[in-house]
Amino acid sequence: MSDSITVERLSKLYRLGQASQDTMLRERLVSLLKNPFGTKASPAETIWALRDVSFSIQQGEVVGIIGRNGAGKSTLLKVLSNITYPTSGRVNVHGRVASLLEVGTGFHEELTGRENIYLNGSILGMKKREVDLKLDAIIEFAGVERFIDTPIKRYSSGMRLRLGFAVAAHLDPDVLIVDEVLAVGDAGFQKKCLSVMQDLRKGGRTVLFVSHNMAAVENLCSRGIWIDSGKVRKDGATHDVIESYLSTFGGSDQTSADLSGVESRQGSGEIRYTGIAFLNSEGQPQPLTRSGDSLRIRFFYHANQPIPYPSFGFRLTTELGTLVTDTSTWHHGMDIPEIAPGDGYLDLEIDFLNLLPGRFFFSLWITGLSHNVYDGIEHCASIEIELANIYRSGKNIDSRSGIVFFPQKWVLPGAHTEQVSVPEALPAGEGRKWSGHRTDF
Amino acid sequence: MPKASVVMPDREAFPLSASSSGEARPEGGSWLSELWRFRELLYFLAWRDVKVRYKQAAFGAAWAIIQPLITMIIFTFFFSRMGKIPSGSVPYPLFCYSALVPWTYFTGTLSQAGNSLVGNASLITKIYFPRILLPAASALGGLLDFCVSSAFLVLMMVYYRVAPSWTLIFWPVAVMGMVIISLGISMLLAAMNVRYRDVKHVIPFMIQLGLFVTPVLYPADAGFLPSGLKRVLALNPLSGVMEGFRASLFPHQGVNGRLLGISITIGLLLFSLGALYFRKAERTFADII
C-alpha cells in the first residue's frame with residue numbers, strides 16, 4: 001500500500017485584522033509617503049489555524065476528519081487541495097485529486113444545466129472528452145432530464161444540489177476530499193451522497209471526509225482524525241476517536257443539577273430532593289449520553305426526620321411535553337422500610353437507554369404510604385441524549401424518527417437481504433452494561 | 001436508484017495531477033506545462049464569460065460594433081468642427097475607427113480582467129487551478145468582440161475604398177502586441193485588486209485618461225503635439241500597437257521605427273512585471289480574497 005497523502009509538520013498561520021490593514025491603495029500610498037522606509041507600525045495579531053499537523057494516509061483508506069467548528073479542518077482540506085499554501089511543513093498528495101469543498105462550484109445562473117455540467121466538470125478537473133462520455137450518466141443521476149436545457153436560475157435549490165453532486169460523483173479521482181457536503185440537502189440527497197462514497201471506498205480510492213454527522217463517519221470511515229485547535233488530538237480507529245471527541249461535549253453542568261434551592265415545589269417537605277446526577281456504570285459523571293447507552297441516575301435527598309415507606313419516582317417528558325415514562329420505586333415493588341434523617345442518595349440503573357436523541361425533562365416526586373406527597377418538583381432537570389449509530393447502518397436516526405427505539409430486525413421471507421443492524425443490544429465493549437438483565441419498567 | 005459509479009474508459013487517458021509539496025507551486029517550465037494542462041479550463045472560463053455577456057446584453061453581438069462605432073461618430077463630429085486632424089492617407093472616420101477597435105479590446109479586457117479574481121472569489125477559495133487563467137480568460141473572451149468589430153472594419157474599408165498593401169502581414173503581430181500588453185496590465189491590476197480593493201475604481205479613470213494619451217484619435221506624430229510631449233507619449237506601449245495597426249492596414253502609412261521599438265520594449269517589460277507580481281501575490285489570494 002503506497003502512501004496517498006503525507007503531511008509533515010504542517011502549520012498555517014493567519015494574520016488577523018487583515019481587513020483593516022491598508023486595504024485601499026490610497027491608504028497604502030499615503031502610509032508609504034509618510035513612512036517610506038519604516039516597518040509595519042504594529043505587528044498584526046496572528047492565529048495558527050494549523051500547528052505541526054502530521055499524518056499519512058495509505059491508498060484506499062477512508063478517513064474521517066472531525067472536530068469542532070473552527071478547529072482547522074477546512075483549512076487542512078484547503079492546504080491538501082492546493083488552494084492555500086502552508087506557512088511551514090510539507091504536504092504530498094499523489095494521484096488525481098478531486099476536492100469537493102462545495103457542491104456546484106462555478107455554476108452560473110444564466111447558463112443551462114447542460115452548459116453548467118461542462119463548466120463545473122472542467123473546473124473540477126475533468127476533460128471535455130470525459131464529460132462528453134459521462135454526460136448522460138450525470139444527467140440521469142441528477143434526475144433533471146426534463147430541465148437540462150433550461151438556465152439553472154429556474155432550478156430549485158434541490159435540483160441545483162443534485163446537479164452539482166452528479167458532476168462530482170462522476171469525477172473518478174484517486175483521492176477525494178469532501179467537506180461536509182452531506183450537511184445540506186434532504187434525506188434522499190444525503191442517501192445518494194453516502195452511496196457514492198461507499199462506492200468510492202469499494203473501488204479502493206482514498207477518501208478524506210470532513211463531517212459533523214458522526215453516524216456517517218462511523219459507518220464509512222475506518223480511521224478517524226480529530227483536529228482540535230489546529231492540532232491532531234487523536235488519530236486512530238473511528239469509533240475510539242469519535243468517543244473521545246464526543247466526550248468533550250456537554251461539560252460538567254450536564255452531569256448534575258442542584259435541586260436544593262428550587263422554590264416552586266409541592267409537598268410537605270419532610271424529605272426533599274437535593275440533587276440529581278447522571279453517571280456511568282462506575283459511578284463517575286457521564287457528560288455524554290447517547291441513544292442505547294447505559295446510564296445511572298443518582299437522586300440525592302435530604303430527610304428532616306425518619307420517613308416510613310417512601311416511594312421515589314420521576315416523570316420523563318419530551319420538550320413538547322409528551323410523557324415518555326412515569327416510574328417509581330413503588331412501581332417496582334421496592335419496599336423501603338424507613339429512610340433515616342440526613343442526606344443520602346438513591347440510584348436508578350438503566351442498561352440500555354431506548355431514547356432517541358433529544359432533550360428530556362425530569363419531574364420528580366417523593367410520596368408516602370397513603371399517597372401523600374412529600375416533595376414534588378416539575379421540570380427541574382433535563383438530559384440531552386445524543387446521536388448514535390443505533391442500527392449500525394450509518395443512517396441518521398434522530399428525533400424525527402420518534403421518541404424511542406428498540407433493538408429490532410427486519411425479516412423478509414424468501415428474499416436475500418442485507419442488513420447491518422444487530423437484533424441484540426449493543427455488544428459488550430460498545431455499551432457499558434453491568435448487569436445481565438434488562439431494566440423492566 | 002441509478003448506480004453512482006460509471007464504468008470508465010482507460011484511466012491512463014486522463015492524466016494525473018502533479019503532487020504538491022510544501023513550497024507548493026511548480027516553478028518555471030513546469031508552470032507552463034501546468035498551464036497547458038489547464039488549457040481546457042481556460043477555454044471554458046472564456047466561453048462562460050462570453051456566453052453570459054451575450055445572453056445579458058440587449059444587442060448581443062452588435063454591441064461589439066456599436067461601442068467603437070458611436071465613439072468614432074462622436075469624435076469625428078467634434079474634430080471636424082474643431083479643426084482638422086491630419087489622418088494621413090485615409091479619411092478620418094476610418095483612421096479613428098481602426099484604432100478604436102484595438103482600443104476597445106484593451107479597455108474591455110482591462111475592466112473585465114481587473115475584477116476577474118475578486119469576482120470569482122468563490123472559485124479561488126474552493127478549487128485549485130492556476131489563477132492566471134482568470135485574467136487570461138478575459139483576454140481570450142475579448143477576442144471574440146475584437147473579431148466582430150474587425151469584421152465591421154473590413155466593411156468600412158470597402159466603403160471608403162481603401163485596400164491594404166503587403167504590410168497586412170504585420171496585422172497579426174499588432175494583434176499579438178495588443179493581447180500581450182492588455183494581459184500584462186490586466187494581471188498587474190487584477191492581482192493588486194485582490195489586496196487593494198479600490199483598484200477597480202482606478203481602472204475607469206485610467207481608461208478615460210488613456211484615450212487621450214494614446215494615439216487613437218490622432219496620429220502619433222501629429223503636428224499639434226509639442227515634441228517633448230511626443231517623446232513622453234511614446235512611452236505608452238499602446239502607441240506602438242495603434243500605429244502598428246494603422247500601418248498594417250492602410251497603405252502609405254509610415255511608422256516611426258523608434259516609437260515602435262520603445263513601445264515594444266515597454267510592453268514586454270510591463271508584461272513581465274505583471275506576470276511576476278501576479279505569481280508572487282498568487283500565494284495569498286485564497287487567504288485574503
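Analyst: Let's start with one idea: two residues are in contact if their C-beta atoms, placed from the backbone, lie within 7 Å. Please keep in mind that the model is predicted.

User: Thanks! Of the contacts in chain B with a separation of 6 or more, what share comes from residues 24 or more positions apart?

Analyst: In chain B, such residues account for 82% of those contacts. For chain A, contacts between residues at least 6 apart join residues at least 24 apart in 72% of cases.

User: How many helices and strands does each chain have?

Analyst: Chain A has eight helices and 20 strands. Chain B has 13 helices and zero strands, and its pattern along the sequence is α-α-α-α-α-α-α-α-α-α-α-α-α.

User: What part of each chain is buried?

Analyst: A residue counts as buried if 20 or more other C-beta atoms lie within 10 Å of its own. By that rule, 35% of the 441 residues in chain A are buried, and for chain B the figure is 39% of 289 residues.

User: Could we look at a single helix? What length does H6 of chain A reach, and what is expected?

Analyst: Helix H6(A) covers residues 187–202, which is 16 residues. From first C-alpha to last, H6(A) reaches 23 Å, close to the 22 Å expected at 1.5 Å a residue. Just after this helix, Gly204(A) takes a positive phi of about 80°.

User: Which residues of H6(A) are buried, and what covers them?

Analyst: The buried ones are Lys192(A), Cys193(A), Leu194(A), Val196(A), Met197(A) and Leu200(A). Their cover includes helix H5 (157–169), strand E6 (175–179), strand E7 (206–210) and helix H7 (214–220), also in chain A.

User: Now for sheets. Why do E10 and E18 of chain A each have one side without a neighbour in the sheet?

Analyst: First, the layout: this is an open sheet of four strands in chain A, ordered E10-E11-E13-E18 and paired antiparallel. Strands E10 (256–258) and E18 (342–350) stand at the edges with a single partner strand each, so one side of each is left without a neighbour in the sheet. On average, neighbouring strands here are turned by 20° against each other, direction ignored.

User: How many bridges join E11 to E13 in chain A?

Analyst: Eight bridges link E11 (residues 271–279) to E13 (residues 295–303), and the two strands run antiparallel. For a spot to find on screen, look for Ala277(A), which stands opposite Arg298(A) in E13(A).

User: Which residues have the most contacts inside the largest nonpolar core?

Analyst: That core has 135 residues, and those with the most contacts inside it are Ile65(A), Leu80(A), Ile177(A), Phe209(A), Leu42(B), Leu133(B) and Ala136(B). Helix H8 (residues 171–195) of chain B gives the most to this core, with 13 residues. Leaving aside neighbours within four places in sequence, Phe209(A) has contacts including Val62(A), Ile65(A), Met197(A) and Leu220(A). A second, separate core of 16 residues includes Tyr301(A), Phe362(A), Leu364(A) and Tyr374(A).

User: Lastly, how many residues does each chain bring to the contact between chain A and chain B?

Analyst: The contact takes 51 residues from chain A and 37 residues from chain B. On the chain B side, helices H2 (39–56), H6 (121–126), H9 (199–213) and H13 (285–288) each supply at least two residues. The largest share there, eight residues, comes from H2(B). By class, the side of chain B that touches chain A has 19 nonpolar, nine polar and nine charged residues.

Methods. Residues are numbered from 1 along each chain as its sequence is written. Chains are lettered from A and ligands numbered from 1 in the order in which they are written. This is a predicted model: local features need pLDDT of at least 70, side-chain atom pairs count only at pLDDT 80 or more; totals for chains, interfaces and linings use all residues. The expected span of a helix is 1.5 Å times one less than its number of residues. A residue is buried if 20 or more other C-beta atoms lie within 10 Å of its own, exposed if 12 or fewer, and partly exposed in between; C-beta atoms are placed from the backbone. Two strands pair if DSSP finds at least two bridges between them. Axes are lines fitted to C-alpha atoms, for helices over the stretch in contact, and angles run from 0 to 180 degrees between N-to-C directions. Ala, Val, Leu, Ile, Met, Phe, Trp, Tyr, Cys and Pro count as nonpolar, Asp, Glu, Lys and Arg as charged, and the others, Gly among them, as polar. A nonpolar core is a set of buried Ala, Val, Leu, Ile, Met, Phe, Trp, Tyr and Cys residues joined through C-beta atoms within 7 Å.
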